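Grab a coffee and open the model in your viewer. The exercises come with worked solutions, so try each one before reading on.

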Amino acid sequence: MAKVEKNFSTMERSSTLFNILEVDGIPLPVLSKEMWNKISNFQARPDDLFLVTYPKSGTTWMQEILDMIKNDGDVEKCKRVNTLERYPFLEVKFPHKEKPDLEIALEMSSPRLIKTHLPSHLIPPSIWKENCKIIYVARNAKDCLVSFYHFHRMASLLPDPQNFEEFYEKFMSGKVLFGSWFDHVKGWWAAKDTHQILYLFYEDIKKDPKREIEKILKFLEKDISEEILNKIIYHTSFDVMKQNPMTNYTTLPTSIMDHSISPFMRKGMPGDWKNYFTVAQNEEFDKDYQKKMTGSTLTFRTEI
Ligand SMILES: Nc1ncnc2c1ncn2[C@@H]1O[C@H](COP(=O)(O)O)[C@@H](OP(=O)(O)O)[C@H]1O
Ligand SMILES: O=[N+]([O-])c1ccc(OS(=O)(=O)O)cc1
């Protein structure tokens with residue numbers, strides 16, 4: 001049973017729109033304890049597909065890939081509404097929506113694609129019980145940290161990151177939304193041995209999208225033509241998604257995301273961390289990383 005502790009008021013800024021609840025010591029953007037109970041008791045269906053990521057690991061990118069697969073490469077269908085309206089985000093209630101996304105999910109017809117950033121030990125148990133398929137996308141910690149920092153600057157739903165140094169410290173100690181990157185990637189890596197989980201890496205998708213999309217197709221037991229596959233690769237490339245208002249989040253009010261501070265579709269490349277980490281931070285990071293990842297067989301590329 002997860003321990004719901006308290007609202008995490010120290011992370012808030014005056015304009016923060018998310019209520020932050022600490023569950024098992026992990027800050028989550030969950031409205032209330034009642035909402036947490038509903039999340040824990042969420043009833044999954046056997047044909048649900050869950051997309052799980054630590055924030056800034058390529059969630060939006062994978063959502064577009066999966067929507068294109070589902071719609072057999074029909075770009076117009078994928079442009080019906082923006083990413084946030086297309087698929088529910090299990091644990092979140094957005095201020096511009098009437099209902100929590102969980103309620104929207106409950107009313108959706110099957111098959112559903114549901115996004116979550118929850119760590120493996122906090123996932124609703126019905127997902128395991130129904131043996132749902134799960135796609136997990138992991139991204140190297142350094143680029144995740146930099147991307148998450150910029151996202152905190154532009155998304156007023158999230159706490160003020162102050163400056164890069166402060167955010168760096170919070171990220172390393174797991175005092176950010178969804179907790180420790182280290183625990184998240186390791187928890188889901190372990191879970192894949194006993195559940196239907198396809199564990200993918202952002203850097204691999206960037207390097208060879210065809211190969212990675214083929215893995216997804218096999219996992220979903222879906223066949224598509226070479227022509228549609230090439231269409232999916234093109235439509236989900238960074239440059240095309242950056243120009244697409246239905247994937248770049250520019251249709252959201254600036255009170256939620258202010259792209260003039262930092263665009264959501266920012267760099268889209270492994271290795272941008274080099275522009276932010278000082279030599280000292282990088283050395284400290286590498287030492288800490290070794291300690292935190294000891295015993296894990298997980299390996300990441302920090303550039304391609
Ligand atoms: N098609 C794509 N190709 C590569 N990166 C993409 C992408 N679409 C989104 N991203 C990147 O994924 C990150 C957002 O992740 P999420 O969707 O999980 O919030 C951002 O990273 P950067 O801030 O490093 O550019 C964003 O630019
Ligand atoms: O403003 N949004 O659309 C938004 C805000 C937070 C958010 O959560 S996060 O954990 O992915 O940063 C996702 C989307």
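Here are four exercises on the annotated domain, the two ligands and some backbone details.

A word on ground rules: this is a predicted model, where local features need pLDDT of at least 70, side-chain atom pairs count only at pLDDT 80 or more, and totals for chains, interfaces and linings use all residues. Residues are numbered from 1 along each chain as its sequence is written, chains are lettered from A and ligands numbered from 1 in the order in which they are written, and side-chain values use heavy atoms, with hydrogens and water left out.

**Exercise 1. Find the annotated domain and work out its helix and strand content.**

Step 1: The unreviewed UniProt entry has "domain: Sulfotransferase" on residues 46-296. Such positions are given in the numbering used here, feature names are shortened, and annotations may be inferred rather than shown by experiment.

Step 2: Across residues 46-296 the chain is 46% helix and 8% strand. Helices (H or I, at least four residues) and strands (E, at least two) are DSSP runs, numbered from the N terminus.

Step 3: Take the C-alpha atoms at the two ends of 46-296, and you get 30 Å between them.

**Exercise 2. Describe what surrounds ligand 1.**

Step 1: Count residues with a heavy atom within 4 Å of the ligand. For ligand 1 there are 18, and the closest are T59, T60, S147, Y202 and K267.

Step 2: Look for polar contacts (pairs of N or O atoms within 3.5 Å). A polar side-chain atom of T59 is 2.4 Å from an oxygen atom of ligand 1, while a backbone N or O atom of K267 is 2.7 Å from an oxygen atom of this ligand.

Step 3: On its own ligand 1 exposes 570 Å², and the protein buries 97% of that (Shrake-Rupley method, 1.4 Å probe).

Step 4: α2 (59-70) and α13 (238-243) each give two or more residues to this shell; α2 gives the most, with 3 residues.

**Exercise 3. Do the same for ligand 2.**

Step 1: Ligand 2 has 14 residues around it, with H117, F151, L157, F178 and M257 the closest.

Step 2: A polar side-chain atom of H117 sits 2.8 Å from an oxygen atom of ligand 2. The protein covers 97% of the 350 Å² of accessible area that ligand 2 has on its own.

**Exercise 4. Track down the backbone oddities at P111 and F178.**

Step 1: Start from the norm: most residues other than glycine have a negative phi, and most peptide bonds are trans.

Step 2: S110 and P111 are joined by a cis peptide bond, with omega about -5°. P111 is in the loop between α5 (101-107) and β5 (113-116).

Step 3: F178 is not a glycine, yet its phi is positive, about 75°. F178 is in the loop between α8 (164-172) and α9 (181-191).

Terms used
Polar contact = N/O pair within 3.5 Å; in protein donor to acceptor, adjacent residues only side chain to side chain.
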